[in-house]
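Please look through the structure below with the following account beside it, which moves from single loop residues to the fold around them and then to the second chain.

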Amino acid sequence: MKDFFRNNGGLILIIAVLLGCIIALTSALMGGFAHPLSNLVGIITTPVRNGINAVVEWTEARYEAAFRQSELEADYEQLKKDYAELEKELREAQSDAEENERLRNLLGLKEKRRELQFEAATVTAVVADNWDSALTISKGSDFGLEQGDCVVDEYGNLVGLIDQVGTNWSTVMTIVDSDLEMGGLIARTDTAGILEGSFELMGQGKLRLSYLPENSEFMAGDQVLTSGLSGLYPSDLVVGYIEEVRTDPSGMTRYAVVVPEADLSDLQQVFVITNFDIVE
Amino acid sequence: MTRHDFLVKWGVYALALLPVWFLECYILARYPFYGIKPMLLPLAVVAVAVLEGASGGAGFGLGVGLLGTAVYYHTGGGFVVLMTLLGLGTGLLTQYVLRQDFLGCLLCSALSLGILDVTRILPRLLYQRESLEAMLRVAGGEILWSLVFTPLVYAIFLWVFRRVPKRTHF
């Protein structure tokens with residue numbers, strides 16, 4: 001211990017405590033905006049993250065292509081040559097088709113939901129943490145993103161909410177995160193409840209719909225939407241469908257386990273709703 | 001130890017931290033094992049503290065704490081203090097109680113990850129309606145899966161430790 005203090009250990013401890021206090025204080029004062037240290041690192045690392053993301057996706061694509069190539073070679077002996085060539089062409093076109101489809105879907109969504117304003121963003125990283133479910137995206141306050149903005153996939157299915165905004169990056173808390181709480185609605189019966197993440201369900205990629213009226217009717221397969229009752233979020237965004245109905249450990253109330261409609265494990269591009277009309 | 005030696009040594013340690021951070025945040029976070037992602041940055045603090053002792057461990061912990069605060073989600077200033085204390089504690093423990101070898105590193109890693117998860121579980125228990133069982137399941141998986149990477153992280157920093165001049169060791 002003496003050695004520790006002789007080697008400036010006490011000074012290190014004091015610096016650590018002071019920095020901790022400064023970071024905690026600035027985090028509290030900044031509200032939803034990332035604190036300066038986090039924001040600076042985010043600004044610097046966003047291009048790196050984009051690059052790494054591109055490299056990883058390229059590697060995955062090559063690996064998948066190589067894997068499918070060997071499959072095709074095996075098939076080649078059994079199938080006609082023309083068929084194999086068509087398969088190859090199809091594979092090459094697949095990437096373009098997927099992007100086209102995403103854009104067409106978004107166009108359709110924009111037509112259907114004219115009251116919503118979208119900002120497209122790329123998912124650059126998945127948060128390396130078992131205690132939260134979050135994604136980092138490539139746009140931030142530069143593009144008008146704000147804390148609490150809803151994030152959807154190209155079909156308009158809810159992915160999550162913007163939780164922390166940097167200058168050119170943002171963190172999206174997904175709908176299965178245990179800190180999430182927002183109004184939900186069962187589409188078939190118009191029954192309102194509270195959508196909330198839960199630790200028990202987060203690992204399975206699910207969430208729950210709680211605080212449902214005592215005599216409400218709901219069953220597996222019912223579609224769940226955002227209620228928009230608070231005015232904080234748009235209404236009628238598809239959250240998912242009810243998988244099962246469970247009773248609370250207290251035995252007093254029931255809640256529904258909801259499976260998200262958006263595929264949270266395989267998101268490449270998302271759309272942030274930056275503005276919407278409040279429905280009274 | 002001259003100022004030059006000091007800067008070179010910790011510069012090399014910082015460089016050695018980069019592949020660990022890259023592996024954790026960009027590779028292992030994308031491909032969770034049964035839904036669990038390992039935590040490698042605390043293992044790096046423990047490995048350096050085992051090799052360099054309390055002062056070196058605390059200093060490196062301070063640096064890693066700052067990096068973690070910037071890149072991890074939902075970490076406040078407490079993470080800086082915690083990482084510094086983990087570096088200090090590991091250094092003292094392996095200097096005076098355990099041994100400064102891989103086994104000491106493994107034990108201290110398990111202990112540090114446990115402490116880290118306790119600091120995550122307690123606030124959630126106090127402020128949220130979360131089940132302790134579900135959180136212990138996450139913590140247990142996280143600790144075990146992270147410990148699998150201890151040999152790799154320890155080997156990286158041992159490699160650095162053996163290559164920096166002996167006079168720079170604390």
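In this predicted model, a convenient place to begin is D190(A), which lies in the loop that joins strand 6 (181-186) to strand 7 (191-196) of chain A. Most residues other than glycine have a negative phi. D190(A), however, has a phi near 60 degrees, a positive value in a residue that is not glycine. Is D190(A) buried or exposed? Because its C-beta atom has 10 C-beta neighbours inside 10 Å, D190(A) counts as exposed.

A second aspartate of chain A can be read in the same manner, namely D236(A), which is found in the loop between strand 9 (223-226) and strand 10 (238-247) of chain A. D236(A) also has a positive phi, of about 65 degrees, although it is not a glycine. Since 14 other C-beta atoms lie within 10 Å, D236(A) is partly exposed, the cut-off for an exposed residue being 12 or fewer.

Another loop residue, K206(A), is placed between helix 5 (199-202) and strand 8 (207-210) of chain A. K206(A) has 19 C-beta neighbours inside 10 Å and therefore counts as partly exposed, given that a residue is called buried from 20 neighbours upward. Which residues does K206(A) contact, once its neighbours within four places in sequence are left aside? They are V176(A), L201(A), E243(A), V257(A), V258(A) and V259(A). The C-alpha atom of K206(A) is also separated by 10.0 Å from that of E261(A), a residue 55 positions away along the chain.

These loops belong to a chain with 5 helices and 12 strands. The C-alpha atoms of chain A fill a box of roughly 80 × 55 × 40 Å along the principal axes, and 36% of its 280 residues count as buried. Among the contacts in chain A with a sequence separation of 6 or more, 56% are made by residues 24 or more positions apart.

Strands of a sheet pair through backbone hydrogen bonds, either parallel or antiparallel. In chain A, 6 strands close into a barrel in the order 1-2-5-4-3-12, with antiparallel pairing. From one strand to the next, the twist averages 45 degrees. One of the pairs in this order is formed by strand 3 (residues 150-152) and strand 4 (residues 158-165) of chain A, which run antiparallel to each other over 3 bridges; within this pair, V152(A) stands opposite L158(A) of strand 4. Helix 3 (residues 36-76) of chain A packs on the sheet, where it touches strand 1 (117-126) and strand 2 (134-137), and the direction of this helix makes about 75 degrees with that of strand 1.

Attention now passes to chain B and the packing of its helices. Two packed helices are described by the angle between their axes and the distance between the axes. Helix 2 (residues 41-71) and helix 4 (residues 102-127) of chain B have axes that come within 9 Å and cross at roughly 140 degrees, and these two helices are therefore oblique to each other. Helix 2 of chain B passes helix 4 of chain B in a right-handed crossing. On the side of helix 2, the residues that meet helix 4 include P42(B), V46(B) and V50(B), while those on the side of helix 4 include G104(B), C108(B) and L116(B). The residues of this contact divide into 9 nonpolar, 3 polar and no charged.

Helix 4 of chain B also packs against helix 3 (residues 78-96) of chain B, at an angle of about 150 degrees and with the axes 10 Å apart. How, then, are helix 3 and helix 4 of chain B oriented to each other? They are roughly antiparallel, because an angle over 145 degrees is counted in that way, and the crossing is right-handed. Here L82(B), L86(B), T90(B), L93(B) and T94(B) of helix 3 meet G104(B), C108(B), S112(B), I115(B), L116(B) and T119(B) of helix 4. By class, this contact has 6 nonpolar, 5 polar and no charged residues.

Finally, the two chains can be considered together, in a contact that takes 37 residues from chain B and 37 residues from chain A. On the side of chain B, the elements that give two or more residues are helix 1 (3-28), helix 2, helix 3 and helix 5 (132-147). Helix 2 of chain B gives the most to this side, with 10 residues. The side of chain B that touches chain A has 20 nonpolar, 11 polar and 6 charged residues.

Technical notes: Residues numbered from 1 in each chain as written. Chains lettered and ligands numbered in written order. Predicted model: local features only at pLDDT ≥ 70, side-chain atom pairs only at ≥ 80, totals over all residues. Axes fitted to C-alpha atoms, helices over the stretch in contact; angles between N-to-C directions. Helix = DSSP H or I, 4+ residues; strand = E, 2+ residues; numbered from the N terminus. Parallel < 35°, antiparallel > 145°, perpendicular 65-115°, else oblique. Left-handed = near helix turned anticlockwise from the far one by under 90°. Contact = placed C-beta atoms within 7 Å. Nonpolar A, V, L, I, M, F, W, Y, C, P; charged D, E, K, R; others polar. Pairing = 2+ DSSP bridges.
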